[in-house]
Structure formats: structure tokens, C-alpha cells
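Work through the following exercises with the coordinates open, and attempt each task before reading its solution.

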Amino acid sequence: MVGPQVRRLRSAAKLNQDELAARCFLLGFEISGGGISHIETGVRGVSDLEMVLLARALRVPIDDLIPAELPKWLKDLRPPTARDGDCGAGGHGSILKIRKLSAILALDRS
């Protein structure tokens, strides 16, 4: 989610990916230029600590790494069945799934 902002900020700072990786390394975040590339393209996510260290390496406030708008797929975090109304009245579909899972877990304990 922060990848495009990392790329934009890195470019604005006139850093290549290896230079940003070197700054990160000095802060204790061991990552290669290839790792920076993976973050920028969304192949690799970042932890909250890595996000803080990236912001420090880029010398920007952490808020600059957060996109102004969430990607469409993140706006509704409910499972598709909950969005589509497939659960039925009262969410019986989900209750049945929970009962099946409970039965499987009970078998594992015996």
C-alpha cells in the first residue's frame, strides 16, 4: 500500500533504490535495492516498524507514506458473502461454517 509513495518520495529525493536501501541499512533496516523495488511495486509489503524506518530514511513524516485514498479493495473489509447478502437472514451461512469448523476442531482433540 505504501509502495507508490515510497517510489514518488525516493525519486523526489533524487535517490536510486540502492541509495535508499543504504540509508535504511544505517537505521537498522536490512534491505537491498531489489527489496526497495519489491516494496515500490507492491510485491512486498512492509511492517509498521519498516514503515517508520522508510519514512526516516526518506526524511519525511510517516504520514507521507500513507495514500490519500485507500485502494478500492480495502474500503470494505467484510468477506464477499457478507457484502453480497449470501449469509441469509441472521448470517446463517456463517453460523454453519463455524459449526463445521468446530466439529473439525473437536475431532482433532480426540
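**Salt bridges and their surroundings**

Arg7 is partly exposed, with a relative accessible area of 36%, where buried means under 20% relative accessible area, exposed over 50%, and partly exposed in between (1.4 Å probe, protein chains only). This is a predicted model, in which local features need pLDDT of at least 70 and side-chain atom pairs count only at pLDDT 80 or more, while totals for chains, interfaces and linings use all residues. Residues are numbered from 1 along each chain as its sequence is written, and side-chain values use heavy atoms, with hydrogens and water left out.

**Exercise 1.** Determine which helices are linked by the salt bridge between Glu40 and Arg7.

*Solution.* Begin with the contact itself: the side chains of Arg7 and Glu40 form a salt bridge at 3.3 Å, N to O, the term requiring a side-chain nitrogen of Lys or Arg within 4 Å of a carboxyl oxygen of Asp or Glu. Next, place the partners: Arg7 belongs to helix 1 (residues 3-12) and Glu40 to helix 3 (residues 33-41), so that distant parts of the chain, 33 residues apart, are linked; helices (H or I, at least four residues) and strands (E, at least two) are DSSP runs, numbered from the N terminus. Finally, compare the burial classes: Glu40 counts as buried because its relative accessibility is 5%, whereas Arg7 is partly exposed at 36%.

**Exercise 2.** Find the salt bridge that Glu40 makes with Arg10, and state whether these residues are buried or exposed.

*Solution.* The side chains of Arg10 and Glu40 meet at 2.6 Å, N to O, in a salt bridge. Because Arg10 lies in helix 1 and Glu40 in helix 3, the pair ties together parts that are 30 residues apart in sequence. Both Glu40 and Arg10 are buried.

**Exercise 3.** Examine the salt bridge between Arg44 and Glu50, and then decide which residues are joined into one network by shared partners.

*Solution.* In the bridge between Arg44 and Glu50, the closest N and O atoms are 2.9 Å apart. Arg44 counts as partly exposed, since its relative accessibility is 29%, while Glu50, at 17%, counts as buried. The network formed by salt bridges with shared partners joins Arg7, Arg10 and Glu40. The structure holds 3 salt bridges.

**Exercise 4.** Describe the chain as a whole: how many helices and strands does it have, and what share of its residues is buried?

*Solution.* The chain contains 6 helices and 0 strands, giving the pattern α-α-α-α-α-α along the sequence. Of its 110 residues, 27% are buried.
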